[in-house]
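Here is a short tour of one protein chain, written for someone who likes to check each claim against the atoms. Keep the viewer open as you read.

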Amino acid sequence: MAKSDIEIAREATPDAIEVIAERAGIPADSLYRYGPYKGKVDSEWLAQQKTRSDSKLVLVTAINPTPAGEGKTTTTVGLGDALRRIGKSVHICLREPSLGPCFGVKGGAAGGGYAQVIPMEDINLHFTGDFHAIGAAHNLLSAMVDNHIYWGNELGIDTRRIAWRRVVDMNDRALRKIVGSLGGIANGFSREDGFDIVVASEVMAIFCLSRDLTDLRTRLGKVVVGYTRDKTPITAEQVQAPGAMTVLLRDALAPNLVQTLEGTPAFIHGGPFANIAHGCNSVVATSASRKLAEYTVTEAGFGADLGAEKFFNIKCRKAELSPDAVVVVATVRALKSHGGVALKELGKEDPQAVERGVTNLERHLENLQKFGVPAVVAINKFSGDSQAELDVISERCAALGAKAVLCSHWADGGAGTEALAKQVVEVVESGTASFKPLYDDSLSLWEKVETVAREIYRADGVDAPAAVRKQFDELQADYGNFPVCMAKTQYSFSSDPSLKGAPSGHRLTVREVRLSAGAGFIVVVCGEIMTMPGLPREPAANKIHLDDQGLVQGLF
């Protein structure tokens, strides 16, 4: 029987975090230790490295996934290890895992098999406390808004138009819509409220897009918490919250440093969801890595229609990044799913289903060409994949002029991804990248949504209720230069999760629009996407426990 991820992680002999810091070019006195294998890097020291030249930047993205994911994080880890094996100075940059999916369906997000970041248990659970700090900062603002209203409401906030919900880092559908302040006049004014998951918080997005503490403080002050009766926006600055929020986030903003199983330095920092936020790790961590290594390998959540699109149109735009290559992760099982095979039947050999479903991969490759970044396909091999199925992918990629590389990093670590690493280096050193965002800032907000819908989702058009269209018109005057952050299902190019493959001719339905003034983008909620997920009938939490030796079991 194959060893579980947690068993493999426990058998590793990690280097002390001081050794990893030295390997990453970080002096010992600029490392804050969180035990023997975790650390944070001093922000002031990092600021002094800004004059260094930037490393090559490689993005790892994927096709539209199955519920279990297709190994994007695992591939990022494997590629980083493989680049180091072939003599490159490399760091990887990942998001921190949320407790929601960890205890829900997907499990943790520290990689898997022999392509993991460690300490796996710590990273998947509380890590260095960053998410707790983000949740506390967010909820402090919520408390200060309600407190302002309780003590006279000098700003005239309309309690029917409060836009700032609360957050918790857990999947809990019961909290999606609530009524708060019950129990009499001593408890405030009763009103409708609700919770989002921490990774959907605007504070999380601000945290991940801020360049430093000053930028963070400025962005927090711009958060719009609600409106007056005449629809005048009220900001966090007006309720005097950003100073205290920044204090809560001060230590968290320093990037976290850990390692892979093979000792490659890894920055893991921030973690916005990709289907309801922008899905990329922090600008602080990415920028730090680019000053300290020859190659930086990072990832963006879910399929390229979500994570990569937002990485290019939001993170690269805001942080002035220019990627050198992109790796698209594909699996036989996901392509069979896009070819019409039910999830419970994905283990059966079916080259014809792969042939039908590979259109999903082709669509992603076509879309990525629009950003001017050359792509390589990483076929994440599973033990049950047949040669006939794998051949279909390679042949179809070759027909498109894309190189497809078979990878076995889950079973073999960096050694199983060396061919991918060599191909990535070849692409990067060819200098063919000519990055450009999909749309200009000058387009209207609605035109930006239409551009993403048409060019990435291949929709015939965009539909929205009259009230939502009116919101777009109202936001255009003050925020028209913002990019749009599309919140939709990760399972399809469309807003319908059941529409597999490479659909076209559909229409994108916009249900809601949210202003993220501090983050600097407009969230466009499509279809039935939820900003507070729920647990499945049998959540992963059912099997997570401590054994007689006090060790965590069931975590994956």
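Leaving aside its neighbours within four places in sequence, which residues is Lys3 in contact with? They are Ile8, Glu11 and Tyr114. Please bear in mind that this is a predicted model.

**The start of the chain**

Lys3 sits in the segment before helix 1 (5-11). With a relative accessibility of 37%, Lys3 counts as partly exposed. Its side chain makes a polar contact with the side chain of Glu11, at 2.8 Å. You can also look from Lys3 to Gly113: the two are 110 residues apart in sequence, yet their C-alpha atoms are 7.9 Å apart in space.

**The chain as a whole**

The protein chain has 20 helices and 25 strands. Its C-alpha trace spans about 70 × 55 × 50 Å along the principal axes. For 556 residues, a compact globule would have a radius of gyration near 24 Å, and the 23 Å of this chain agrees with that. Buried residues make up 59% of the 556 residues. The accessible surface comes to about 21,800 Å², and 51% of it belongs to carbon and sulfur atoms. Among contacts between residues at least 6 apart in sequence, 75% join residues at least 24 apart.

**Salt bridges**

Side chains of opposite charge can pair when their charged atoms come close. A search of the whole structure finds 37 salt bridges, and three of the pairs are set out here.

| Salt bridge | Closest N to O | Places in the chain |
|---|---|---|
| Arg33 and Glu18 | 2.6 Å | strand 1 (residues 31-33) and helix 2 (residues 17-23) |
| Glu70 and Arg333 | 3.0 Å | loop between strand 3 (56-62) and helix 4 (72-85), and helix 13 (residues 332-338) |
| Asp193 and Arg166 | 2.5 Å | strand 10 (residues 191-193) and strand 8 (residues 166-168) |

How far apart in sequence are the parts that Arg33 and Glu18 tie together? Arg33 lies in strand 1 and Glu18 in helix 2, so this pair joins parts 15 residues apart. Both ends have some access to the surface: Arg33 is partly exposed at 41% relative accessibility, and Glu18 is partly exposed at 33%.

Glu70 and Arg333 form a salt bridge across a separation of 263 residues in sequence. Here Glu70 is buried, with a relative accessible area of 3%, while Arg333 counts as partly exposed at 21%. The cut-off for buried is under 20%.

Asp193 and Arg166 pair up as well, linking parts of the chain 27 residues apart. Are these two buried or exposed? Asp193 is buried, and so is Arg166.

Salt bridges can also join into a network, as they do for Arg165, Asp196, Arg511, Glu512 and Arg514.

**Nonpolar cores**

In soluble globular proteins, nonpolar side chains tend to be buried together. The largest nonpolar core in this model has 107 residues, and Leu141, Phe312 and Leu361 touch the most other members. Phe312 is a good place to zoom in: leaving aside its neighbours within four places in sequence, it is in contact with Leu59, Arg317, Pro323, Leu368, Phe371, Val373 and Phe435. Apart from the largest core lies another one, of 40 residues, including Val58, Leu79, Ile268 and Val329.

Terms used:
Residues are numbered from 1 along each chain as its sequence is written. This is a predicted model: local features need pLDDT of at least 70, side-chain atom pairs count only at pLDDT 80 or more; totals for chains, interfaces and linings use all residues. Side-chain values use heavy atoms; hydrogens and water are left out. A salt bridge is a side-chain nitrogen of Lys or Arg within 4 Å of a carboxyl oxygen of Asp or Glu. Helices (H or I, at least four residues) and strands (E, at least two) are DSSP runs, numbered from the N terminus. Buried means under 20% relative accessible area, exposed over 50%, partly exposed in between (1.4 Å probe, protein chains only). A nonpolar core is a set of buried Ala, Val, Leu, Ile, Met, Phe, Trp, Tyr and Cys residues joined through side-chain atoms within 4.5 Å. Contact means heavy atoms within 4.5 Å. The radius of gyration is taken over C-alpha atoms; the globule rule is 2.2 Å times the number of residues to the power 0.38. Accessible areas come from the Shrake-Rupley method with a 1.4 Å probe; for residues, only the protein chains shown count as cover. A polar contact is a pair of N or O atoms within 3.5 Å; within protein, one must be able to donate a hydrogen and the other to accept it, and residues adjacent in sequence count only if both atoms are side-chain atoms.
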